[in-house]
Amino acid sequence: MKKFKPVVKLLARSVMKSSADESFLLIEYFSLDLGMTKLIIHTNLLDKPREFFSLLISKGFPANVAKNVRKQLIDKLCEHCDNTFILTKKPGFIGDSYISPCGKIWGSDDKYGPIIQPEYQNNLPAVSKKDSLQNWQDNLAVYAIYSSRLMLGLCSAFSAFLLKDSGIESGGFHFFGMSSVGKSTVLLFSASAYGSPEYVNTMKFTDKAGQELAQAHNDALLCLDELKLADSNPKKAAEKTQGVTYVLASGRGTKYSKNYEKQRGSDEWRVIFLSAGERSLKQHAADGGISRLEGEEARAIDIPADTGSGHGIFETIPMEVGSSSELVQNIAVLCNQYHGTAQYAFLKKYVSQRKANPEKMKQYLNQRIEFFLKMHNVDKNNGVEIRTAKRFALAYAAGALASKYKVLPFDKKDIMKGISRCYQDACAYLDEGDIKPVPKVVRIPDKLLHLLSTVDVVDLDKDKSLSSDEIDELAVFKKKIDGVSVLALKSDVLKEIEPNRLQRRLLLEHLAAQGMLLRDATGKNTRAVRKGVGRRYCFVKKCI
């Protein structure tokens, strides 16, 4: 029989920051099957040799070790140790470093840690890695080009890492629609940045377990599928979904018994969540006869999963794919084959750059966020509007950064186009409810027709005397763009003529389809007409 020398080494001890903290040790022991293996134990186990070795044996330590040898090993572990490590109750950012639920650490200068406490590891998400980043990009991520919903979901997966630096509150998006639309695919696709389909959770849990789940997803993406599982009773289902989304966005758990608080402490988190269900959160509230809480619509945003294009969650589908349902099935298979590499690639660069120059990173994020807000003419004096828009703006900033890091195989224009579409659809639903298809006949407001038919309009191609500020004050002016004579209308003027956002959107869709509205190269309804002058709606003069 082969002889071996039993080994148990003390590597480091935990740092205690208050009298309420408990002491832990990081040890390394010899396992018959795994070789040298690390383990965290309560320090008080050293005073209970029988329990200590019982634990080690259950984890592969040889059982036939003599009592005197066991005593020597315990005595060795009781010696003073200068090496320390930080214990944390949750994954995410700890100072300048980031710890993943799988234990992988980026940006730490410590030899050991930070480490998640053993009792907090039960609810950790199933972070895993399979195949290469390149194959994930080429075979799976590429499909976001065909779907604004997939683009938003995927960028949201990275935006969770930016919550701390951006200062934006926790929150998320709820995709709703019929079962055949593909809303659950948005969650699987987005989760592929972190791991396999096992990363996605369902709503079948208690309030307390939900809070523990949120803390386990700190500074990460939380996916919740099948909101219909919340409860069979409509009122209870409405109350539960409202409670869950509110608590997730608040970033702080509800207080329970003193014994529970003593065991766990208070739960806190920063999280971006994606959820899916057949009913919108607005509809859940109506079904249960309750009102949505103040600001809830800005924290948990309803997005119709169906894009209205006839392809479910997709605006278009690749030529080689027969149908959107076939593409949804393909994506589900691909999520099992390629996953988890994007998170590693993004965090490696992001944590390094923010550690080297945190202010520069914050400045970059703020610039991307402000750019999105400016592109969508967001009213910063409207609290709900600015908070809603910032949720999408953060996703855009994350997507732009992931593109810069070459983690996402798209450019910033592709990312803006997808997220902008989701933002517009969410705003339309927030105002009016279900998005309706563009009707065949849309009535053009008389006031708009009168304004565009006015003969006395400044022609900028002839009048060169006006400054940019003077031009910006004009409600409408004439100019040639790409050889086409247009009437450039100030966006605020159109808002006054048609204040209803949904009707305004339908009007613009109709005018563009009729060739009366000249969109820009990316498909936006407004265009840049001159340096120093705000973007305008450009109506083709010959069509008016």
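Let's start at helix H1, residues 49-58 of this predicted model. Phe 52, Phe 53 and Leu 56 are buried here. Those three residues span an arc of only 85 degrees around the axis, so they sit on the same side of H1. This fits a general rule: an α-helix has 3.6 residues a turn, so residues three or four places apart point the same way. On the face turned away from the buried side of H1, you will find Arg 50 and Ser 58, which are exposed. What, then, covers the buried residues of H1? The cover includes strands S1 (8-14), S2 (24-31) and S3 (35-42), together with helix H2 (67-77). Just after H1, have a look at Gly 60, where phi is positive, at about 105 degrees.

Now let's move along to a sheet. Five strands build an open sheet with parallel pairing, and their order is S11-S12-S13-S10-S14. S11 (201-202) and S14 are the edge strands, each pairing on one side only. At the S11 end, two bridges join S11 to S12 (residues 220-225), and these strands run parallel. Thr 202 stands opposite Asp 225 in S12. At the other edge, S14 is joined by five bridges to S10 (residues 171-176), again in parallel. Here Phe 175 stands opposite Ile 303 in S14.

S14 deserves a longer stop. Is this edge strand enclosed or open to the outside? Five of the five residues of S14 are buried, so the strand is largely enclosed by the rest of the structure. In a regular strand the side chains alternate between the two faces of the sheet. In S14, Ala 300, Asp 302 and Pro 304 point one way, while Ile 301 and Ile 303 point the other way, and all of them are buried.

From S14 we can step into an internal space. The structure holds four cavities of 30 Å³ or more, and the largest has a volume of about 70 Å³. Which residues line the largest cavity? They are Lys 282, Arg 292, Glu 297, Ala 300, Ile 301, Asp 302, Thr 388, Ala 426, Cys 427, Tyr 429 and Leu 430. Two elements, strand S14 (300-304) and helix H16 (412-432), each give two or more residues to this lining. H16 gives the most, with four residues. By character, the lining of the largest cavity divides into six nonpolar residues, one polar and four charged.

Methods. Residues are numbered from 1 along each chain as its sequence is written. This is a predicted model: local features need pLDDT of at least 70, side-chain atom pairs count only at pLDDT 80 or more; totals for chains, interfaces and linings use all residues. Side-chain values use heavy atoms; hydrogens and water are left out. On a 1 Å grid over the protein atoms alone, a cavity is a set of points where a 1.4 Å probe fits but cannot get out, and a pocket is an open set with protein on both sides within 12 Å along at least five of seven lines; lining residues have an atom within 4 Å of a point. Grid points are joined across faces, edges and corners, and a volume is the space filled by probe spheres set on the points. Ala, Val, Leu, Ile, Met, Phe, Trp, Tyr, Cys and Pro count as nonpolar, Asp, Glu, Lys and Arg as charged, and the others, Gly among them, as polar. Two strands pair if DSSP finds at least two bridges between them. Buried means under 20% relative accessible area, exposed over 50%, partly exposed in between (1.4 Å probe, protein chains only). The arc is that of the directions from the helix axis to the C-beta atoms. Contact means heavy atoms within 4.5 Å.
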